[in-house]
Amino acid sequence: VDRAEVREDVLSITLQAGEVRAIFDKHAGTLTSFGAGRNWVLIGPRLNVWRGATDNDGIKLMLADQERKPLFRWLDQGLHQVQFRLDGVRLLDEAGGPVVEIVQRASGRGQFDDFLHVQRCRLDGAGALWVENRVRLGNGISDVPRIGVTLLLSPELEQLAWFGRGPWENYSDRKAAALVGRYQSTVSDQYVPYIMPQEHGNKCDVRWLTLTNGGGSGLRVDGLPLLEFSASHFSADDLYAARHTVDLTPRREVILNLDAGQRGLGTASCGPDTLPAYRLLADEYTFGYKLAVV
């Protein structure tokens with residue numbers, strides 16, 4: 001079996017297979033470079049449990065009247081201001097090849113048992129990075145907006161294709177009209193100009209997606225087996241901070257969210273909240289994906 005070559009120093013761990021290199025920053029606990037001759041990943045992947053709150057989550061400009069809404073609870077738990085604490089980065093030698101294990105804790109209220117995120121990254125001989133994730137939620141943390149990771153990618157990667165539900169945005173409780181198929185678009189066209197800026201562009205039941213430049217070079221992500229994803233020029237924080245469409249300025253970089261799941265939308269802006277079947281109520285989640293150069 002072909003194995004990746006490995007180099008380690010005080011700052012980083014590098015896995016290499018052929019022309020493909022994955023470089024991990026040991027102090028930040030993130031992947032800081034991935035590509036073959038060119039780097040497509042600027043920062044990531046990092047745990048993401050927040051979304052640009054939808055009107056159904058709670059109307060952010062009327063928080064005094066929103067005590068029964070999920071958003072009020074999320075803010076109380078600090079999910080809008082999560083900080084990370086690195087527990088460690090280890091290089092493990094396993095049968096399938098070297099594995100980089102990254103253990104992070106996260107909290108928005110200084111209680112670093114709120115979230116425990118373990119990532120295990122293995123570069124195979126063909127240059128594909130296999131990433132396993134385990135996320136454990138602490139006491140009192142449940143029914144969060146999402147469980148996933150976010151990556152900051154090169155601005156060149158504007159062309160988007162995916163095999164999953166589409167072509168429009170869809171969520172676990174909003175997908176009957178979004179059929180599984182192969183779709184093409186751009187990152188910019190994923191934006192939905194809601195008057196009150198909020199989460200948008202999510203796709204469910206995704207088998208794979210590609211983000212490429214004009215020449216067809218870039219990244220492919222395969223779910224193991226399925227993922228939810230969104231690709232945008234706005235972060236969840238950008239969306240939450242904006243009061244109107246005119247407050248948003250697109251970032252040059254591509255923000256890619258890969259999720260085990262997002263909470264459903266429900267109808268709580270004027271009706272019942274999301275049904276329990278579409279909430280994230282478990283205390284532990286595992287999900288995986290494969291990242292490759294195209």
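## Starting at R279

At 27% relative accessibility, R279 counts as partly exposed. Its partner is D273: the two side chains form a salt bridge, with 3.7 Å from N to O. D273 is partly exposed as well, at 27% relative accessibility. Please keep in mind that this is a predicted model.

Which residues are linked with R279 and D273 in a network of salt bridges? The other members are R73, D143 and R263.

## More salt bridges

Side chains of opposite charge can pair when their charged atoms come close. A search of the whole structure turns up 24 salt bridges. One of them joins R3 and D93, at 2.5 Å from N to O. R3 sits in the segment before strand 1 (5–8) and D93 belongs to strand 6 (residues 83–94), so this pair ties together parts that are 90 residues apart in sequence. R3 is partly exposed, with a relative accessible area of 40%, while D93 counts as exposed at 65%.

R85 and D87 make another salt bridge, where the closest N and O atoms are 3.8 Å apart. Both ends are partly exposed: D87 has 40% relative accessibility and R85 has 41%.

## The open pockets

Now let us turn to the spaces in the model. The largest pocket has a volume of about 560 Å³. Strand 5 (41–48), strand 10 (146–153), helix 2 and strand 15 each give two or more residues to its lining. Which element gives the most? That is strand 5, with five residues. The lining has 22 residues, and L47, N48, T150, S235 and D237 are the ones nearest the centre of the pocket. By class, 11 are nonpolar, seven polar and four charged.

The second largest pocket has a volume of about 180 Å³. Among the residues lining this pocket are T54, D55, N56, R174 and L265. Its lining has three nonpolar, four polar and four charged residues.

## The enclosed cavity

How many cavities of 30 Å³ or more does the structure hold? There is one, and its volume is about 70 Å³. Strand 14 (218–232), helix 2 (236–241) and strand 15 (254–262) each supply at least two residues of its lining. The largest share, three residues, comes from strand 14.

The lining of this cavity includes S230, A231, S232, F234, L239, I255 and N257. By class, it has five nonpolar, five polar and one charged residues. A few names link the spaces: E199 lines the cavity and also the second largest pocket, while S235 lines the cavity and lies among the residues nearest the centre of the largest pocket.

Conventions:
Residues are numbered from 1 along each chain as its sequence is written. This is a predicted model: local features need pLDDT of at least 70, side-chain atom pairs count only at pLDDT 80 or more; totals for chains, interfaces and linings use all residues. Side-chain values use heavy atoms; hydrogens and water are left out. On a 1 Å grid over the protein atoms alone, a cavity is a set of points where a 1.4 Å probe fits but cannot get out, and a pocket is an open set with protein on both sides within 12 Å along at least five of seven lines; lining residues have an atom within 4 Å of a point. Grid points are joined across faces, edges and corners, and a volume is the space filled by probe spheres set on the points. Helices (H or I, at least four residues) and strands (E, at least two) are DSSP runs, numbered from the N terminus. Ala, Val, Leu, Ile, Met, Phe, Trp, Tyr, Cys and Pro count as nonpolar, Asp, Glu, Lys and Arg as charged, and the others, Gly among them, as polar. A salt bridge is a side-chain nitrogen of Lys or Arg within 4 Å of a carboxyl oxygen of Asp or Glu. Buried means under 20% relative accessible area, exposed over 50%, partly exposed in between (1.4 Å probe, protein chains only).
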